[in-house]
Amino acid sequence: MHTDSAPCNQLIRIVILALAILRPMDAKEYFVAPNGSDTALGTQATPFATIQRAQQSAEPGDTVLIRGGTYRMVAAQIAGRVGPYACVTLLDKSGTAEKRINYWAYADEQPVFDYSQVQPAGQRVTAFRIDASWVHLRGIEVIGVQVTIKTHTQSIGFDNAGSHNVYERLSVHDGMAIGFWIGAGANTLVVNCDAYRNYDSVSEGGRGGNTDGFGYHGKKGSIGNIFRGCRAWFNSDDGFDFINSDEVARIENCWAFYNGYSTSFASLGDGNGFKAGGESGRRVEQLPNPIPRHVVVGSVAVRNKVNGFYANHHPGGLEWTNNTSYKNRTNFNLRGRDPQDNRTVIPGRGHVLKNNLGFAGDVEVAELDAAASEVSANAFTLPVTITAEDFLGLDEADLGKPRKPNGDLPDVAFLHLAPGSDAIDRGVDVGRPFKGQAPDLGAFESGN
Ligand code: CA
Ligand code: CA
């Protein structure tokens, strides 16, 4: 008996040592609550009132936990100004690759930040400006962001300028701001976020022509930015907009619907689901070299005012794989520009279009130079007949259903292929997992 205890004690010591190494003993938690105070200690019992105050205390590895309830933001809280933007919360303290700084909703609570009272005259409004890198924001809801300027302008919900940041389970809705904007920074992941019912009814006569759900407009070096599992609906301009960007960005498994419309389907701004390119207004010598080939994969566009998937005069090709486009005026519009002058409108060249599925558009595919692109296994080129019978469901209400508790998109029948559909196993291998003999057409592989 006695001889067994020595190795046993040694094992316990090793376990304790391992736990000490694995557990970040120095990581602290700070709390923010609607009834908090910025002169408090920031503990659970005595929380801060603002994320801005919590940032002062937080160090790399720390987590700021944000309690549920409504935070009625006021102009006196504007933390700083960046160019023409009044930034109400300005995160400029970075974490590290090993130790992010986290700003997370507490447990399953829902913090809602209401900006309807923040109306600084003559200034653009940004709800959250993130100049920091290695931060992770999760579970925050932003509503009521205002526009006060009557000429050309825009306000923004989450404006990223740092790198290696994660934006997760956030939403921006029922305001006048663009939801999410990546204007700079690399390797940003925007995952499982929603932007909806955003309409700038104030500037430029209330056309709403700037209010997109998600935008990437980064300059040279802003590589590796990804939007994944995000939804955009009833934004008055576009769902997703990548105009005037220098590097490649990706859209994966996102849904865009009803963009370009008011909630009663009155016509407002541009109205594209995925506007995945365009370098308009740039002189040829200003064009990025190479022209970025943005990637749109596994995504769904439904009943956007103009185009479901749109190249937007891009002076080069883009990559479109396994997307489903339904009931848009044009489901896939590849309109390009001649890169020699970035002016002459041409059918889009250099595109890769594979495994895409369109149905019930007024036009299925437009302005594509197929001979100068790589086009294979799309519903609009294959000898397939797509009708309502090809789908398990066509109830558009599925699109706006609540997300799963972990933030993933809801499981729906909408636009999933029915057994026997001739879109099943008609695609080509593009390196994505598939079931059956071959990939299906569209965003949803049957049998999953
Ligand atoms: Ca736009
Ligand atoms: Ca298949």
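These are my notebook entries on the calcium sites, a parallel sheet and the pockets of a predicted model.

**Entry 1. Calcium ion, ligand 1**

I looked up the protein donors of the calcium ion (ligand 1). They are D212 (OD), listed twice, together with D237 (OD), D238 (OD) and D241 (OD), and they lie 2.2 to 2.7 Å from the ion. Along the chain I read their spacing as D-x24-D-D-x2-D. The pair D212 and D237 links distant parts of the chain, 25 residues apart. I placed D212 in the loop between β16 (194–196) and β17 (214–216), and D237 in the loop between β19 (231–233) and β20 (240–241). I then checked exposure and found D212 and D237 buried.

**Entry 2. Calcium ion, ligand 2**

I next turned to the calcium ion (ligand 2). Its coordinating residues are D425 (OD), K435 (O), A438 (O), D440 (OD) and E445 (OE), at 2.3 to 2.4 Å. The donor spacing in sequence is D-x9-K-x2-A-x1-D-x4-E. D425 and E445 are 20 residues apart and link distant parts of the chain, although I found each of them in the segment after β35 (374–376). Are D425 and E445 buried or exposed? D425 has a relative accessible area of 26%, so I recorded D425 as partly exposed. E445 has a relative accessible area of 13%; because buried means under 20%, I recorded E445 as buried.

**Entry 3. The open sheet**

I traced an open sheet of ten strands with parallel pairing, in the order β3-β7-β10-β13-β16-β19-β22-β25-β28-β33. Its edge strands, each pairing on one side only, are β3 (69–72) and β33 (357–359). From one strand to the next I noted an average twist of 10°. Within this sheet I examined β10 (residues 141–143) and β13 (residues 171–173), which pair in the parallel sense over three bridges. Here E141 stands opposite S171 in β13.

**Entry 4. The largest pocket**

I looked up the largest pocket and recorded a volume of about 510 Å³. Of the 26 residues that line this pocket, Q110, G139, E141, R169 and R403 lie nearest its centre. The elements giving two or more residues to the lining are β6 (101–105), β16 and β19. I sorted the lining by class and obtained ten nonpolar, six polar and ten charged residues. I note that E141, among the residues nearest the centre, is the residue opposite S171 in Entry 3.

**Entry 5. The second largest pocket**

For the second largest pocket I recorded a volume of about 390 Å³. The lining comprises 16 residues, and N253, W255, L409, P410 and F444 are the closest to the centre. By class I found six nonpolar, five polar and five charged residues in this lining.

Methods. Residues are numbered from 1 along each chain as its sequence is written. Chains are lettered from A and ligands numbered from 1 in the order in which they are written. This is a predicted model: local features need pLDDT of at least 70, side-chain atom pairs count only at pLDDT 80 or more; totals for chains, interfaces and linings use all residues. Side-chain values use heavy atoms; hydrogens and water are left out. Donors are N, O and S atoms within 2.8 Å of the metal (3.2 Å for Na, K and Ca); water is not among the atoms, so sites may look incomplete. Helices (H or I, at least four residues) and strands (E, at least two) are DSSP runs, numbered from the N terminus. Buried means under 20% relative accessible area, exposed over 50%, partly exposed in between (1.4 Å probe, protein chains only). Two strands pair if DSSP finds at least two bridges between them. Axes are lines fitted to C-alpha atoms, for helices over the stretch in contact, and angles run from 0 to 180 degrees between N-to-C directions. On a 1 Å grid over the protein atoms alone, a cavity is a set of points where a 1.4 Å probe fits but cannot get out, and a pocket is an open set with protein on both sides within 12 Å along at least five of seven lines; lining residues have an atom within 4 Å of a point. Grid points are joined across faces, edges and corners, and a volume is the space filled by probe spheres set on the points. Ala, Val, Leu, Ile, Met, Phe, Trp, Tyr, Cys and Pro count as nonpolar, Asp, Glu, Lys and Arg as charged, and the others, Gly among them, as polar.
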